[in-house]
Amino acid sequence: MAPPMPSGDLCALRINFYTNERRFPVLPLSRAMPGFLFQCWNIFLHLITGKYIMQKNIKQLHAYSDDALGTMDGVETAGNIASGKISASEVVSAAIDRAKKMNPVLNAIVAEMYDQALEKSKSPQPGIFSGVPSFVKDTDNIAGAPTGYGSRAVPVKIKKKSCQFIRQFHSLGLICLGKSNLPEFGLTATTEAHATGPAHNPWNPDHSTGGSSGGAAALVAAGVVPLAHGNDGGGSIRIPASCCGLVGLKPTRGRLIKVDGSELLPVGILHQGIISRTVRDTAAFYEGAEKYYRNRKLPGIGRVLHPGKKRLRIGLFTETPFGTPCHAEISAAVIETGKLCEKLRHDVTEIRCPFDEVVIDDFWWYWGMMSFMIRFFGFYIVGSGFEGSKMEGWATGLGRHFQQKLLNAPSILRRLKGFERIYNATFRDYDILLSPTLSHPTPKLGYIGPDVPFDIAMERVRTYCPFTPFQNISGAPAISLPMGFSQNRVPIGVQFAAKTGMERLLLELSYEIEEARPWPLLNDSINPEHGYTKRTIELSPRKYPQNMALTFSGPGHNEPL
């Protein structure tokens, strides 16, 4: 349900950020104004004041209630279970009720394991999240459930045993309620597979959840569970975290147990992880995961409970690797976050994007190679019954893209393997890179969906997420934090990236950002009565002329979002 609006007005302006400061003066506007007149008024207001009013009357979807889960995160839930205030069975039952209520409108769950979850809740496995309910993305085998990969090419078969990472996941005491939705084989940045249908963004159901861990993000944002499993091959944890207003950390390569089969890849770009609502849930997950498996080649993360004391050198950029500007609302969110970091006494320097588009082009060739391998050798991954001919047009188009540059394979692979050194060298001058997570606000469903012709979809996806692949190629960590809203009431994420092995630094900084500017749950969203106020970011047109555009006008994005 949408949060109640202040009587007689809409007070959201061009970009919304969460502060505890006094609310800015509001602009009176009839809430009954027809959509066309509202848009005309909005354009007129922008021409006069440089400000926008947020879209109104958008239905929002959440399951928060006064049941055993309430609005608690995973750490608080586990603590209350351990102290006896609530039982694991009560919490799991509440999460199942929420899932049954929300999935008909979210379409975020593709396989249910409710009976198994209730049974496990009677005697939950010990761990940092003992008794806390969660979901597993439908890319990983879990005993007692099928793994469909979001594809019509995969036969429905119940798996007899869980993959290695899921054993690590369960070692934290998490109880799996089922499998979450994803695009076909997790190959794109929206969750809209033909096989399973589109997942809907709880903040604005007409919009994408991002991908490929979009089902997981929808369930966490809507309050069905406090955290959920995701994985990230080109941004698939950070992108949906950005779209759904969540915390999404892609860890260092080798930090967690690897995706099954990924050790065969020439460059390891696939990373496991979670999506959560709070920084402390993400920090606790990695603390607990280290107790099951610790990569001795990496510095330990350990227990992270509060901000760090060290003041950091932060390089901020909003320009894409193609040399083009981001959407105005995205740039404003990053710049405002940089200002916040300066207030926290970090040293922030505005820089150009330190990496060029050749890296992105190489990534997409490699991504096409993975799609090609799935289509023609998928039976080795999913077993008998796999039919590659049933894969969607996006996947087959990626395979063709790979084949077109096959003769360039040696040089592309050499550049990809050497990028880790180039990436880490950037951190001689900076401790953190601050950038957009995505180049424009979350688009509507269908914008990069499976029915869009491949060439158009490729240009759109390439332009939409040019910031996240760098960390997959280099193997370095990065985290997306929710730092604002777009005009159409979908969250905007900002990415903090560090050198290899520096997750602890990212978590300490994330704690500091969260304390200084806490983000709301969906149920209190942008309602000033819940203590969050709205701010307008005023940008100088001389310094940031691109930020005056009403719609994003990058390559392939002339359509309003």
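Helices and strands are taken here as DSSP runs, with at least four residues for a helix and at least two for a strand, and are numbered from the N terminus. On that footing, I351 falls in the loop that links β12 (347-350) to α10. The model examined here is a predicted one. Within it, I351 has a relative accessible area of 19%, and because the cut-off for burial is under 20%, this loop residue counts as buried. Its surroundings come from elsewhere in the sequence: once residues up to four places away are set aside, I351 touches G315, L316, F317, Y430 and L433. One of these partners, G315, lies 36 residues from I351 along the chain, yet the two C-alpha atoms are 6.1 Å apart.

It helps to set this loop against the chain as a whole. The protein chain contains 16 helices and 15 strands, and 64% of its 561 residues are buried. Of the contacts with a separation of 6 or more, 79% join residues 24 or more positions apart. The chain exposes about 21,000 Å², of which carbon and sulfur atoms supply 54%.

Turning to the interior, nonpolar side chains in soluble globular proteins tend to be buried together. In this model, the largest nonpolar core has 155 residues, and the members that touch the most others are F285, F496 and I513. Helix α10 (residues 357-377) gives the most to this core, contributing 11 residues. For I513, the contacts beyond four places in sequence are L340, C341, L344, L481, M483, F496, P518 and W519; F496, itself among the core members with the most contacts to others, is thus found in the list for I513.

F285 leads on to helix α8, where it is one of the buried residues. Helix α8 spans residues 279-292, and its end C-alpha atoms are 21 Å apart, in agreement with the 20 Å that its 14 residues should span at 1.5 Å a residue. Because 11 of those 14 residues are buried, α8 is largely enclosed by the rest of the structure. The buried set comprises V279, D281, T282, A283, A284, F285, Y286, E287, G288, A289 and E290.

Helix α12 (residues 393-404) offers a second example. From its first C-alpha to its last, this helix of 12 residues reaches 16 Å, close to the 16 Å expected at 1.5 Å a residue. Its buried residues are W394, A395, T396, G397, L398, G399, H401 and F402, and they pack against α10 and α14 (454-464).

Helix α10 has a part in the surface as well. M373, F376, F377, F379, Y380 and I381 make a nonpolar surface patch of about 640 Å², to which α10 and α11 (379-382) each supply at least two residues. M373 lies in α10 and is partly exposed, with a relative accessible area of 40%. The helix that gives the most residues to the largest nonpolar core therefore also has a member that is partly exposed.

A final site of interest is H170, in helix α5 (residues 164-170). With a relative accessible area of 12%, H170 is buried. Apart from its neighbours within four places in sequence, H170 is in contact with K120, Q125, I142 and C176.

Notes:
Residues numbered from 1 in each chain as written. Predicted model: local features only at pLDDT ≥ 70, side-chain atom pairs only at ≥ 80, totals over all residues. Heavy atoms only, no water. Core = buried A, V, L, I, M, F, W, Y, C linked by side-chain atoms within 4.5 Å. Buried < 20%, exposed > 50% of the residue type's maximum accessible area, 1.4 Å probe, protein only. Contact = heavy atoms within 4.5 Å. Patch = residues over 30% accessible without salt bridge, like charges linked within 9 Å, V, L, I, M, F, W, Y side chains within 5 Å. Areas by Shrake-Rupley, 256 points an atom, 1.4 Å probe, with all protein chains shown as cover. Salt bridge = Lys/Arg side-chain N within 4 Å of Asp/Glu carboxyl O. Expected span 1.5 Å × (residues − 1).
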